[in-house]
Amino acid sequence: GGDAVTSEQHLRAAHDAKSSFEALFAVDLARAGGWVSAARGEVSAAADDAQRAATDAAARNACALEVGALHDVARFGRAGEVVDRLEALTELVDGALSNSLAAHARALVDRDGPALDAVSHSFASLELDLFAAEASAAAARAHRGAGKRSSAFAAHERARELVARCESVQTPALAWGEQPE
């Protein structure tokens, strides 16, 4: 996990901030709670927190915020639960980011190594190195599972290069990429 203590302190400070801001930042605070759970190693709770954030965003008709929260659910290992909604939201939320987030979830569900490689490059073109690294880590797992050792090695090395661009980062998706199958 990440730095759970510092994460909890920041989240507490955000909750203690002026309550009139809650309506504006409620979805972001709920998502942050998910990442605090992930930092504690509680990935299932993190996915639940992210799903609650997505539900809150949907209730507020905040489609772009919902996309981000649903992508968090996928990043916490539950892409199958959110992929259809993410794909539907690409009709409402325009742009390369929402399309890439939905494509990432679809490729995770399908365990499609080449699609995950493509998503990694899409994220990198948007300068989203962490998302790109996670997609490459998932691509390495998918390629290994398909018996494509050279593709798995290339995806793993790409993930390592992308992670090196990020400052001291740890996510469940990156940790899963380090585990042998």
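**Briefing: an all-helix model and its nonpolar core**

Leu70 touches Gln51, Ala54, Val82, Arg85, Leu86 and Leu89, leaving aside residues up to four places away in sequence, where a contact means heavy atoms within 4.5 Å. This is a predicted model, in which local features need pLDDT of at least 70 and side-chain atom pairs count only at pLDDT 80 or more, while totals for chains, interfaces and linings use all residues. Residues are numbered from 1 along each chain as its sequence is written, and side-chain values use heavy atoms, with hydrogens and water left out.

Nonpolar cores

- The largest nonpolar core (buried Ala, Val, Leu, Ile, Met, Phe, Trp, Tyr and Cys residues joined through side-chain atoms within 4.5 Å) has 35 residues, and those with the most contacts inside it include Leu70, Val82 and Leu86.
- Among the elements that give two or more residues to this core are α2 (22-39), α4 (63-89) and α8 (149-164), and α4 gives the most, with twelve residues.
- Apart from this core lies another, of seven residues, among them Ala107, Leu116, Ala138 and Ala142.

Fold and burial

- The protein has nine helices and zero strands, both being DSSP runs numbered from the N terminus (helices H or I, at least four residues; strands E, at least two).
- The radius of gyration, taken over C-alpha atoms, is 16 Å, close to the 16 Å that the globule rule (2.2 Å times the number of residues to the power 0.38) gives for 181 residues, so the protein is as compact as a globular protein of that length.
- Of the 181 residues, 42% count as buried, meaning under 20% relative accessible area with a 1.4 Å probe and protein chains only, whereas exposed means over 50% and partly exposed lies in between.
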